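Here's a quick briefing to read with the structure open beside you. We'll go from the ligand shell to the core, then on to the overall build and a few single residues.

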Amino acid sequence: MRRSALNPYFSMASVTRLQPVVQERLDVMLKRMNEFKNTGEVLNMSYMFSALGNETPDFDPSSRDAALVGLNSIHIMKHIPWVYDVMKALPDGLVQWLQPALASFLELKRTARAQIENIIDGENEEWRGKDHPTIFHAILDSKLPSVEKTVERLTEEAQVLVMAGTLTTASTLELMVFWLLKQPATLQTLKNELRTVMPSVTDIGKVSLATLEALPYLTAVIKEGLRLGYGVSTRLQRIDPEKPVVFTDKATGKEWIIPPKTSVGMTSVQLHHNEENFPDSKKFLPERWLQAEGKKLDKYLVSFCKGSRSCVGINLAYGELYLTMACIWRIWGSRDATLSDDVGVLSLFETDIRDVEIEADSFIPTPQKGTKGIRVKVYKS
Ligand code: HEM
């Protein structure tokens, strides 16, 4: 991923400008949620949040499912990288026959390729009238070498962007929904706080992102969601190609010298369950971020990783999390956590802790096998 060309697209200022675009999506989501009210139909929040990120209408889960299938093969590709080259060389039809669940993944690739070809040929006009062209225009206009601007390379970048931004954000939102519906006191505190900046339900969508970001409890809920969601669970490896890496164990003073070209990796799962920093680490406790020592915990929250290769979409992700949480929980409650003007109540349906807690590392954390996601029933208040 070429960060220098992309960074301006994911800056705080760009994300602030994008607020109306995100809100438009959220308005559709809220309308759809309302349609589930008292129908007895089960609303799958996992599908709903994935659809929010990748624009599939009717919460179509196929691209989410395909991404999950694809992620399951990441361990193999990480250790035997040529497997990916073989897969890429196979005709799409054969890949689809071998693994039918990858159909929508291939469809995404085809659509992305067609769009990139249009951009390269100067035929893509969709961005005209908006205040900026697409990320891909920026890459093509940049000084990057031509090998970095091929259709194949840009198509892969498009896929990475969609995949990196969809499941990560969705699973953080799902996890927060689960815990808030499990813990009415936590939800009530959040709802009361949201009402301070949105006194009327008609204020939804009109409050600036900066105002929401300044809310301490909402911020603490999101941090706790990111902590227990881990971001990605795999060990993100780093290699220093030239110099040895030196680590000093602060407790013993022992020095560890890792030779150049050695791959080292660490998972956020272990860091986020370090009981010294996060006592009762399996519990969802937003209050831990609000205590006097809470600010110091920020450096141990590594869901977006840290440093030069950390998540390029971090500002967009935070923006989506704040806006989505604010508009859902201002008007939806649970049986024991409500505001007088709520539009309705969400109630967990055949969903328990094993549907959110990590049981396997499939690059992203995955819960129990066969999970159907976070499902709710939707009632009038
Ligand atoms: C809660 C939501 C998200 C989380 C927890 C998250 C987390 C991460 C993590 C841990 C990485 C790997 C960094 C590394 O290798 O050290 C990453 C990479 C990346 N993320 Fe995110 N991400 C989220 C949302 C997004 C969004 C919304 C986008 C943009 C649409 C995005 C785009 C990317 C891209 C393009 C990369 C690859 C960066 C590179 O290789 O330089 N992410 N993300």
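A residue is counted as near a molecule if its C-beta atom, placed from the backbone, lies within 6 Å of it. With that in hand, 22 residues surround the ligand here. Keep in mind that this is a predicted model. The protein chain has 15 helices and ten strands, and its radius of gyration of 22 Å is close to the 21 Å that the globule rule gives for 381 residues, so the chain is as compact as a globular protein of that length.

**Around the ligand**
- The closest residues in the shell are G165, G231, C305, C311 and G313.
- Two elements give two or more residues each to that shell: helix 10 (151-182) and helix 15.
- Helix 10 is the top contributor, giving seven residues.

**C311, a listed position**
- UniProt, in an unreviewed entry, lists C311 under "binding site".
- You'll find C311 in the loop between helix 14 (268-272) and helix 15.
- Leaving out residues up to four places away in sequence, C311 touches F304, C305 and A317.
- Is C311 buried or exposed? Neither, quite: it has 18 other C-beta atoms within 10 Å, so it comes out as partly exposed, given that buried takes 20 or more and exposed means 12 or fewer.

**Helix 15 and the core**
- Helix 15 covers residues 314-331, and 17 of its 18 residues are buried, so the rest of the structure largely encloses it.
- Its length checks out too: at 1.5 Å a residue, helix 15 should span 26 Å, and its end C-alpha atoms are 27 Å apart, which agrees.
- The largest nonpolar core holds 71 residues.
- Which members of that core touch the most other members? They are M176, V177, L218, Y322, M325, A326 and W329.
- Take M325 as a way in: setting aside residues up to four places away in sequence, M325 touches M176, L218, V221 and I222.

**The chain as a whole**
- Along its principal axes, the C-alpha trace spans about 60 × 60 × 40 Å.
- Buried residues make up 31% of the 381 in the protein chain.
- Among contacts with a separation of 6 or more, 71% come from residues 24 or more positions apart.

**Two positive phi angles outside glycine**
- Y230 isn't a glycine, yet its phi is positive, at about 70°.
- Y230 sits in the loop between helix 13 (216-229) and strand 2 (236-239), and it is buried, with 25 other C-beta atoms within 10 Å.
- E350 is another residue other than glycine with a positive phi, this one near 40°.
- E350 belongs to the loop between strand 7 (344-348) and strand 8 (360-362), where it is exposed, with 9 other C-beta atoms within 10 Å.

**A stop at S62**
- S62 is found in helix 4 (residues 62-72).
- With 15 C-beta neighbours inside 10 Å, S62 counts as partly exposed.
- S62 and V21 are 41 residues apart along the chain, and their C-alpha atoms are separated by 24 Å.

Technical notes. Residues are numbered from 1 along each chain as its sequence is written. This is a predicted model: local features need pLDDT of at least 70, side-chain atom pairs count only at pLDDT 80 or more; totals for chains, interfaces and linings use all residues. A nonpolar core is a set of buried Ala, Val, Leu, Ile, Met, Phe, Trp, Tyr and Cys residues joined through C-beta atoms within 7 Å. Two residues are in contact if their C-beta atoms, placed from the backbone, lie within 7 Å. Helices (H or I, at least four residues) and strands (E, at least two) are DSSP runs, numbered from the N terminus. The expected span of a helix is 1.5 Å times one less than its number of residues. The radius of gyration is taken over C-alpha atoms; the globule rule is 2.2 Å times the number of residues to the power 0.38. UniProt positions are given in the numbering used here, feature names are shortened, and annotations may be inferred rather than shown by experiment.
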